[in-house]
Amino acid sequence: YTADYVASLGRHPAVAFALPRTRAIAATIGLSRAETSGPLAPRIVTASMEPTAAGDPLLDRYGAAVPQAVYARTETDAHLTESGVCLSASTAEKLGVGPGDVLTGIVERGRRGAVEKARVRLTVTSVLPLAAEQKDVVFLPLPLLEAAEDFRDGRAASGMNPADGWTGAPLPDTPRVYAGFRLYARTLENVPRLRDAFRSHQVDVYTHADEIEQVMTLSASLGLVFSLISIAAAIGFAASTASSALAGVKRKERVLGLLRLMGFPM
């Protein structure tokens, strides 16, 4: 998928968010605490990288800050020197870190019989709760995923600092092609609509259509039950109020009759 195609998906009225995704086999990174002490080597946690950007529904739902990339700009170019990351709960727990802590991201590749490593400084901007993601996942800007994919393909990562190990063969001039994308439907009702749209573009998708239909049916049934209960409660309240008013008038009929006999207009 090209960047233009994914951008066109993001403009679809049924889509809330769409962002390209690199190959899964290249979208892993080793994470370790930047500052460690003691004789033991720092613990490295391997996590899957997921791209994120402003408007990500997952991060917005839990009030997590969207990580941003920091670039060092010179007269000739700009290199990414640091990036914010949003960690899943399990990743943060294994590393023992929280918002504001600094990590070192390590991307490895095998080249010419040797293991080469590239590093990048990462700052934890937020941690998602366990309900949001149960696996070891790190959410970060798309350029860092692209750099990891290029590096593992033996190329020099564009926009990364060569001094941190991001070296290799020159990048081709052809447009980048992505292996997939992250996409969120705007509502549950839009899922079947999106499925049909993808099928028309010869894109095979799998959706939880059965589960979604059950949830929507349950929601409609609960709404009907609530409406009936509300109507019954309103009718009961009106009947109770009317009967109380009539009973009050009945109790005062004698007094009202005496007042009429005494000449008071009623």
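Two worked exercises on a predicted model follow, one on a pocket and one on salt bridges.

Residues are numbered from 1 along each chain as its sequence is written. Local features need pLDDT of at least 70 and side-chain atom pairs pLDDT 80 or more, totals for chains, interfaces and linings use all residues, and side-chain values use heavy atoms, without hydrogens and water.

**Exercise 1.** Find which residues are closest to the centre of the largest pocket.

*Solution.*
- Step 1. Take the term: a pocket is an open set of points on a 1 Å grid over the protein atoms alone, where a 1.4 Å probe fits, with protein on both sides within 12 Å along at least five of seven lines; lining residues have an atom within 4 Å of a point.
- Step 2. Read the volume, the space filled by probe spheres set on the points: about 960 Å³ for the largest pocket.
- Step 3. Of 29 lining residues, Arg-182, Leu-183, Tyr-184, Ala-185 and Tyr-206 are the closest to the centre.

**Exercise 2.** Determine what the salt bridge between Asp-56 and Arg-182 ties together.

*Solution.*
- Step 1. Apply the cut-off: a side-chain nitrogen of Lys or Arg within 4 Å of a carboxyl oxygen of Asp or Glu. Asp-56 and Arg-182 meet at 2.7 Å, N to O.
- Step 2. Place the partners. Asp-56 lies in the loop between strand 3 (45-51) and helix 2 (57-61), and Arg-182 in strand 9, so the pair ties together parts 126 residues apart in sequence. Strands (E, at least two residues) and helices (H or I, at least four) are DSSP runs, numbered from the N terminus.
- Step 3. Check burial (under 20% relative accessible area, 1.4 Å probe, protein chains only). Asp-56 is buried at 0%. Arg-182 is buried at 5%.

Definitions and conventions. Buried means under 20% relative accessible area, exposed over 50%, partly exposed in between (1.4 Å probe, protein chains only).
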